Amino acid sequence: MSIWWSLHLRREAASVPLARRLLLGTMETAGVDPDISFDLSVALSEACANAVEHGGREPVPRCGYTDDASYPDDAASGGGSPDGTGAYHVTAYLDGDRCRIEVSDSGPGFPPATVARRRPSLAEHGRGLHLIEELADHVRFRNRPGRGAVVSFDKMLKWRDDSLLKVS
């Protein structure tokens, strides 16, 4: 069994719960264990919140879900996203016994320490990225030069006993 979906979302705070609800609904329908679904939905919320906060070249009001890990000032970057919408993208794959999620934006990218996985501290900022790492089995932070940042993460799935679409 495989399920795949992709969203093109505006960088607005309201897009975060929309993506989360779609993921939770998909996993519930597929029969994924609720604890696994919850972990992935929290990780997705953090990744989306970072895209909303930092993922474009124009300033965006704070949405309350973010970590401000030493990002350059978006206003100084000059202009909107390449497609002119201030959008970000979420793609989710449920394939066999694994879920993979990718969130990409058109912002300035991650600071070098984030991509290199050297976390200075969790004092005030950066906790969302750390939370993604704790909730997922594998996480990758990368920059697409001139095109933004990408967070991808995956997790092995467990299935409810009454699952209709469970991998055999």
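Where is the place of Gly25? That residue sits in helix H1, and I would like to use this helix as our way into the structure, bearing in mind throughout that what we are looking at is a predicted model.

Let me first give the overall picture. The protein has 168 residues, of which 47% are buried, and its secondary structure amounts to four helices and five strands. If you follow the chain from the N terminus, the elements come in the order β-α-α-β-β-α-α-β-β. Taking the contacts between residues at least 6 apart in sequence, 65% of them join residues at least 24 apart. As for the outside, the accessible surface comes to about 8400 Å², and carbon and sulfur atoms account for 53% of that area.

Now to helix H1 itself. H1 runs over residues 15-30, which makes 16 residues, and from its first C-alpha to its last it reaches 23 Å, close to the 22 Å expected at 1.5 Å a residue. Its buried residues are Ser15, Val16, Ala19, Leu23, Thr26, Met27 and Ala30. These lie on the same side of H1, because the arc they cover around the axis is only 115 degrees. On the other side of the helix we find Arg21, Glu28 and Thr29, which are exposed.

What do the buried residues of H1 pack against? They pack against two strands that you can find at residues 2-10 and 87-95, namely S1 and S2, and also against strand S3 (98-104) and helix H2 (34-54). Coming back to Gly25, this residue counts as partly exposed, because its relative accessible area is 30%, a value that falls between the 20% limit for buried and the 50% limit for exposed. The C-alpha atom of Gly25 is separated by 9.3 Å from that of Ser37, which is 12 residues away along the chain. Just after the helix comes Gly31, whose phi is positive, near 95 degrees.

From H1 we can step across to strand S3, where Ile101 lies. Is Ile101 buried or exposed? With a relative accessible area of 1%, Ile101 is buried. If we leave aside neighbours within four places in sequence, Ile101 is in contact with Leu23, which we have just met among the buried residues of H1, and also with Leu40, Leu44, Thr91, Ala92, Val151, Ser152 and Phe153. With Phe153 the separation along the chain is 52 residues, yet the two C-alpha atoms are 5.5 Å apart.

That brings us to strand S5, which covers residues 148-156, and here I would like to set two residues side by side. Asp154 is found in S5, and this residue is buried, since its relative accessible area is 8%, which is under the 20% that we use as the limit. Not counting residues up to four places away in sequence, Asp154 touches Arg98, Cys99, Arg100, Ala136, Asp137 and His138. Met156 belongs to S5 as well, but with a relative accessibility of 42% it counts as partly exposed. Leaving out residues up to four places away once more, Met156 touches Ile36, Asp97, Arg98 and Asp137. Asp137 is 19 residues from Met156 in sequence, and the C-alpha atoms of the two are 7.2 Å apart in space.

A word on helix H4, residues 127-135, in which Gly128, Leu129, Ile132 and Leu135 are buried. They too are placed on the same side of their helix, because they cover an arc of only 130 degrees around its axis.

Finally, let us turn to empty space inside the model. Rolling a probe the size of a water molecule over the atoms shows where such space is left. The structure holds one cavity of 30 Å³ or more, and the volume of the largest cavity is about 90 Å³. Its lining is made by 14 residues, and those nearest its centre are Asn50, Ala51, Asp105, Phe110 and Ala149. Which elements give two or more residues to this lining? They are H2, S3 and S5, and of the elements it is H2 that gives the most, with four residues.

Note on methods
Residues numbered from 1 in each chain as written. Predicted model: local features only at pLDDT ≥ 70, side-chain atom pairs only at ≥ 80, totals over all residues. Heavy atoms only, no water. Buried < 20%, exposed > 50% of the residue type's maximum accessible area, 1.4 Å probe, protein only. Contact = heavy atoms within 4.5 Å. Expected span 1.5 Å × (residues − 1). Arc of directions from axis to C-beta. Areas by Shrake-Rupley, 256 points an atom, 1.4 Å probe, with all protein chains shown as cover. 1 Å grid on protein atoms, 1.4 Å probe; cavity = no way out; pocket = protein on both sides within 12 Å on 5 of 7 lines; lining within 4 Å. Points joined across faces, edges and corners; volume = space filled by probe spheres on them.
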